[in-house]
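Trainee: I have a new model open and would like to go through it with you. Can we start with one helix and then widen the view?

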Amino acid sequence: MDNLTSIFREKKLKLTPQRIAVYKYLQSTKKHPSAETIYKALQLEYPTMSLATVYKALKTLVDVNLVQEINIGEGNFRYDGNVHPHSHIQCIVCEKVDDVEGICFSNLNDKIKDCVDYEVLSNQVYFYGICKDCQKNSKE
Ligand SMILES: [Zn+2]
Ligand SMILES: [Zn+2]
C-alpha cells in the first residue's frame with residue numbers, strides 16, 4: 001500500500017478508493033480484462049461503484065501511464081497493469097488475451113524508419129491464434 005501511495009503521489013493523483021481498487025485488480029491479474037470484467041469483479045467488494053466510474057478510473061490510470069490500454073480489435077479495449085512494452089496474442093475462439101513473453105519488438109521501430117518519414121516512437125504488435133484449451137476442445 002505504501003508503494004501505491006507513493007506512485008499516486010508521484011503522478012499527482014488523488015488516491016480515491018475506486019482508483020485504488022481498479023489499479024490493484026489490474027496488478028493482480030494477467031488476464032487483460034475489459035472494463036466490464038473489472039466492474040463485475042469489483043462489484044462484490046464495491047457494490048456502489050458503477051461501470052461509468054470504472055471507465056473513469058481506467059481513463060485516469062491510462063493517462064498517467066499506470067495502466068496500459070490495449071485495443072485488440074473491433075473497439076474491444078482491454079486493460080493491462082503491466083505498462084512495459086510487450087506484445088499480446090488473442091485467442092479467436094474464447095477471446096482471451098495473453099502476453100507474448102521472451103521476445104521484444106522494439107527493434108521494429110528502427111527497421112521501419114526506412115519505410116516512413118516519421119520519427120518512430122513505439123509500436124503495438126498483436127497476434128491472433130487458437131489457445132491451448134480451445135485446441136483441445138476442438139479435438140474432442
Ligand atoms: Zn481459447
Ligand atoms: Zn499484457
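Trainee: Which residues of α4 are exposed on the side away from its buried residues?

Mentor: This is a predicted model, so keep that in mind throughout. Helix α4 covers residues 51-63. Its buried residues are Val54, Ala57, Leu58 and Leu61. On the other side of α4, the exposed residues are Ala52, Lys59 and Asp63.

Trainee: How wide is the arc that holds the buried residues of α4?

Mentor: Start with the general rule. An α-helix has 3.6 residues a turn, so residues three or four places apart point the same way. Val54, Ala57, Leu58 and Leu61 are the buried residues here. Seen down the axis of α4, they line one face of the helix, because they fall within an arc of 100°.

Trainee: What covers that buried face of α4?

Mentor: Look at the elements packed over Val54, Ala57, Leu58 and Leu61, the buried residues of α4. The cover includes both helices and a strand. Among them are α2, α3 (35-42) and β2.

Trainee: How far apart are the end C-alpha atoms of α4?

Mentor: Work out what to expect. Helix α4 has 13 residues, and at 1.5 Å a residue they should span 18 Å. The model agrees with that, because the end C-alpha atoms of α4 are apart by 18 Å.

Trainee: Which residue with a positive phi follows α4?

Mentor: Go just past the end of the helix, which covers residues 51-63. There the phi is positive, near 65°. The residue is Asn65.

Trainee: Is Lys12 buried or exposed?

Mentor: Lys12 sits in the loop between α1 (2-10) and α2 (17-28). Its phi is positive, about 55°, although Lys12 is not a glycine. Now count neighbours: 7 other C-beta atoms lie within 10 Å of Lys12. A residue with 12 or fewer is exposed, so Lys12 is exposed.

Trainee: What is the phi of Glu95?

Mentor: Glu95 lies in the loop between β3 and β4 (97-100). Glu95 is partly exposed, because 14 other C-beta atoms are within 10 Å. Glu95 is not a glycine, yet its phi is positive, at about 70°.

Trainee: Which residues does His86 touch, leaving aside those up to four places away in sequence?

Mentor: His86 is in the loop between β2 (77-80) and β3 (87-91). With 18 other C-beta atoms within 10 Å, His86 is partly exposed. Its C-alpha atom is separated by 8.2 Å from that of Val125, 39 residues apart along the chain. The residues His86 touches are Asp99 and Val100.

Trainee: How many residues does each domain give to the contact?

Mentor: The domain assignment gives domain 1 (1-84) and domain 2 (85-140). Their C-alpha centres lie 22 Å apart. On the domain 1 side, the contact has two nonpolar, three polar and three charged residues. Domain 1 gives eight residues, and domain 2 gives eight residues.

Trainee: Where in the protein is confidence lowest?

Mentor: Take the overall figures before the detail. The mean pLDDT is 90, and 99% of residues reach 70 or more. Confidence is highest in α3, at 96. It is lowest, at a mean of 81, in α1.

Trainee: What pattern does the protein follow along the sequence?

Mentor: The protein has six helices and five strands. Of its 140 residues, 14% count as buried. Read along the sequence, the pattern is α-α-α-α-β-β-β-β-α-β-α.

Terms used
Residues numbered from 1 in each chain as written. Chains lettered and ligands numbered in written order. Predicted model: local features only at pLDDT ≥ 70, side-chain atom pairs only at ≥ 80, totals over all residues. Helix = DSSP H or I, 4+ residues; strand = E, 2+ residues; numbered from the N terminus. Buried ≥ 20, exposed ≤ 12 C-beta atoms within 10 Å, placed from the backbone. Contact = placed C-beta atoms within 7 Å. Expected span 1.5 Å × (residues − 1). Arc of directions from axis to C-beta. Domains from an automatic or database assignment. Nonpolar A, V, L, I, M, F, W, Y, C, P; charged D, E, K, R; others polar. pLDDT = per-residue confidence, 0-100.
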